[in-house]
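User: Please take a close look at one helix pair in this model and tell me how the two helices lie against each other, and which residues bring them together.

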Amino acid sequence: MISKAKIGKSTGLLFLLLSIAILAGCSGNSNAQGVSEEGKLLVTATTGMIGNAASEIGGKHVQVTTLMGPGVDPHLFKASQGDIRKLDRAAVVFYGGLHLEGNMERVLVKMAAQKTVVAVTQDMPRDRLIGTPQSEEFDPHVWFDVDLWKIAAQTVQDTLIAKDPAHADDYRKQGQRYLNELQELDDYVAQRMQEIPQEGRVLVTAHDAFSYFGNAYEVEVVGLQGISTAAEFGAKDVSRLRDYLVERNIKAVFVESSLPARSMQAIVAGAAQQGHKVSIGGELFSDAMGEPGTTEGTYIGMIRHNADTIAEALK
Ligand SMILES: [Zn+2]
């Protein structure tokens, strides 16, 4: 038999819990547990490519927030107070790692002590990563090798399953569908690059973002800047690249959406002075996706755009 006093006590406790729930509900869109009002898992990703993978694999069970929008350079990104709040309230944080996020990586690593913070490159075999000439670090631009990016998608899937096992079947199903789409994309890019005669298959861009692309799809890649855009380029780099273009008779160079176009324009002007006509072959998406709602605003769309732009300018 339950005594009257005990009923009073549990009713009081229930009232207290309800009050906390209401207060939490009023203070924002989500409670402290990293779940939205609609019960979706709150996921925050640094770049659009990572956020896109989380949306595709998480589907209706997740609410994804991406910190870096179109045209944002991750190497120079500084988290605002608003960004820190987006990281704080998330149940899961995905980032690139390998120093892609520059100074922000320290914040993320620290945050991993309190919540699920995962570098999507963590499960990639180190022998598939490309080293950088400047240091012992690895080149972080792994999403340009679509086959390698499938490992990132798998890591996202595994993390969501571990965090939210109730929806494991859906994460597995959506993950498999996305992996199939990535496989199709990988085949498409390879086929487009083969359309370019081998001697002309040279990709000249402003920063060294495309080494993985070059390795995966047999394209020679020449960059003006180092791996990170944080290093400034000098007049010497410009003239060296210009001479290379003239010597190799390269017809087109490419600008990037997340970098100013002026360095490439300087190269084009320099080559013209030597009587060699080089054109800007188009804009490539390197470290950020296109505008949301456009085809290039997805990972698959941005990679297809790049492959089509390169193939059309060089073939
Ligand atoms: Zn980059």
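**The contact of α5 with α6**

Analyst: In this predicted model, the residues of α5 that meet α6 are V146, D147, W149, K150, A153, Q154, Q157, L160 and I161, and on the α6 side their partners are A168, Y171, R172, G175, Q176, Y178, L179, L182, Q183, L185 and D186. Sorted by class, this contact has eleven nonpolar residues, together with five polar and four charged ones. As for the geometry, α5 spans residues 146–163 and α6 spans residues 168–194, and the two pack with their axes 10 Å apart at an angle of about 175°. Because angles over 145 degrees count as roughly antiparallel, α5 is roughly antiparallel to α6.

Helix α4, which covers residues 104–111, may serve as a second view of helix packing, and its buried residues are M104, E105, L108 and M111. These four lie on the same side of α4, because they cover an arc of only 125° around the axis. In general, an α-helix has 3.6 residues a turn, so residues three or four places apart point the same way. The buried residues of α4 pack against α3 (81–89), β3 (92–95) and β4 (116–119), whereas the face turned away from this buried side carries the exposed residues R106, V109 and K110.

On confidence, the mean pLDDT of the protein chain is 88, with 87% of its residues at 70 or more. Over residues 1–11, however, the pLDDT is below 50, and this stretch has one contact in the model beyond near neighbours in sequence. The pLDDT is also below 50 over residues 13–31, a stretch with ten contacts beyond near neighbours in sequence.

How values were computed:
Residues are numbered from 1 along each chain as its sequence is written. This is a predicted model: local features need pLDDT of at least 70, side-chain atom pairs count only at pLDDT 80 or more; totals for chains, interfaces and linings use all residues. Side-chain values use heavy atoms; hydrogens and water are left out. Axes are lines fitted to C-alpha atoms, for helices over the stretch in contact, and angles run from 0 to 180 degrees between N-to-C directions. Angles under 35 degrees count as roughly parallel, over 145 as roughly antiparallel, 65 to 115 as roughly perpendicular and the rest as oblique. Contact means heavy atoms within 4.5 Å. Ala, Val, Leu, Ile, Met, Phe, Trp, Tyr, Cys and Pro count as nonpolar, Asp, Glu, Lys and Arg as charged, and the others, Gly among them, as polar. pLDDT is the predictor's confidence in each residue, from 0 to 100. Buried means under 20% relative accessible area, exposed over 50%, partly exposed in between (1.4 Å probe, protein chains only). The arc is that of the directions from the helix axis to the C-beta atoms.
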